[in-house]
Amino acid sequence: MADIWEEEQLIADGFERVYAELEWYDGLRAGLADIDGKPHYFQNDDYLNVGEADEYRVWPASEAAVELECEQWAIFARWNDRREAGEVGPESHPDGGGVDARYDELKLLLAPHRLAPENASRRLVAELRFVAGARYRADGLGYWLRWRPSR
């Protein structure tokens with residue numbers, strides 16, 4: 001089981017908030033989080049270096065994109081709560097298309113923001129720490145990230 005940290009300690013240790021998890025495959029692959037106190041998208045495309053520190057391309061996110069990401073994340077988190085309670089099944093996942101009209105609309109609006117710009121050359125390594133409570137929450141994630149420069 002992963003260690004659980006208090007938010008006050010995470011802040012003191014330089015960890016920052018995660019707004020949305022966009023992809024998880026054998027670890028965190030993409031999302032939206034604060035980096036140096038400002039929202040950034042991050043993406044890791046190197047799934048093959050198991051055991052290596054995950055290096056992410058990062059680029060700034062606009063205020064408008066953050067607002068839309070948080071709205072879409074909240075839709076997913078509320079669905080996940082219902083799924084975990086046994087009220088709905090996986091077929092009702094909002095990313096299935098045609099299940100939640102607003103989720104579908106947000107997906108289209110967010111697609112260009114989620115693509116790393118050609119000049120997204122900044123690369124960082126992230127360390128993840130969990131806080132108590134649910135992993136998926138309408139107001140963000142149950143883990144925080146600390147960033148450091150890639151070597």
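This is a short tour of paired strands, aromatic rings and two charged side chains in a predicted model.

Start with the strands. Select residues 38–43, which are strand S4, and residues 55–60, which are strand S5. The two pair in the antiparallel sense, over four bridges. Within this pairing, find Gln43 and look across to Arg57 in S5, which stands opposite.

Keep S5 on screen and add residues 123–131, strand S6. S5 and S6 also run antiparallel, and three bridges join them. Here Glu55 stands opposite Val125 in S6.

Next, show the aromatic side chains. The model has ten aromatic pairs. Select Phe42 and Tyr56: their ring centres are 5.3 Å apart and their planes stand at 90 degrees, so the pair is edge-to-face. Phe42 lies in strand S4 and Tyr56 in strand S5, 14 residues apart, and the pair links these distant parts of the chain. Are the two residues buried or exposed? Both Phe42 and Tyr56 are buried.

Move to Trp73 and Tyr136, another edge-to-face pair, with 5.5 Å from centre to centre and 70 degrees between the planes. Trp73 belongs to helix H2 (residues 63–84) and Tyr136 to strand S7 (residues 136–137), with their positions 63 residues apart in the chain. Trp73 and Tyr136 are both buried. Add Phe76 and Trp79 to the selection: with Trp73 and Tyr136 they form one aromatic cluster.

Finish with the charges. Select Arg129 and Trp5: the charged end of Arg129 sits over the Trp5 ring, 3.8 Å from its centre. Then select Arg135 and Trp24, where the charged end of Arg135 sits over the ring of Trp24, 4.1 Å from its centre.

How values were computed
Residues numbered from 1 in each chain as written. Predicted model: local features only at pLDDT ≥ 70, side-chain atom pairs only at ≥ 80, totals over all residues. Heavy atoms only, no water. Pairing = 2+ DSSP bridges. Phe/Tyr/Trp six-rings, centres within 6.5 Å; stacked < 30°, edge-to-face > 60°. Buried < 20%, exposed > 50% of the residue type's maximum accessible area, 1.4 Å probe, protein only. Lys NZ or Arg CZ within 6 Å of the ring centre and 35° of its normal.
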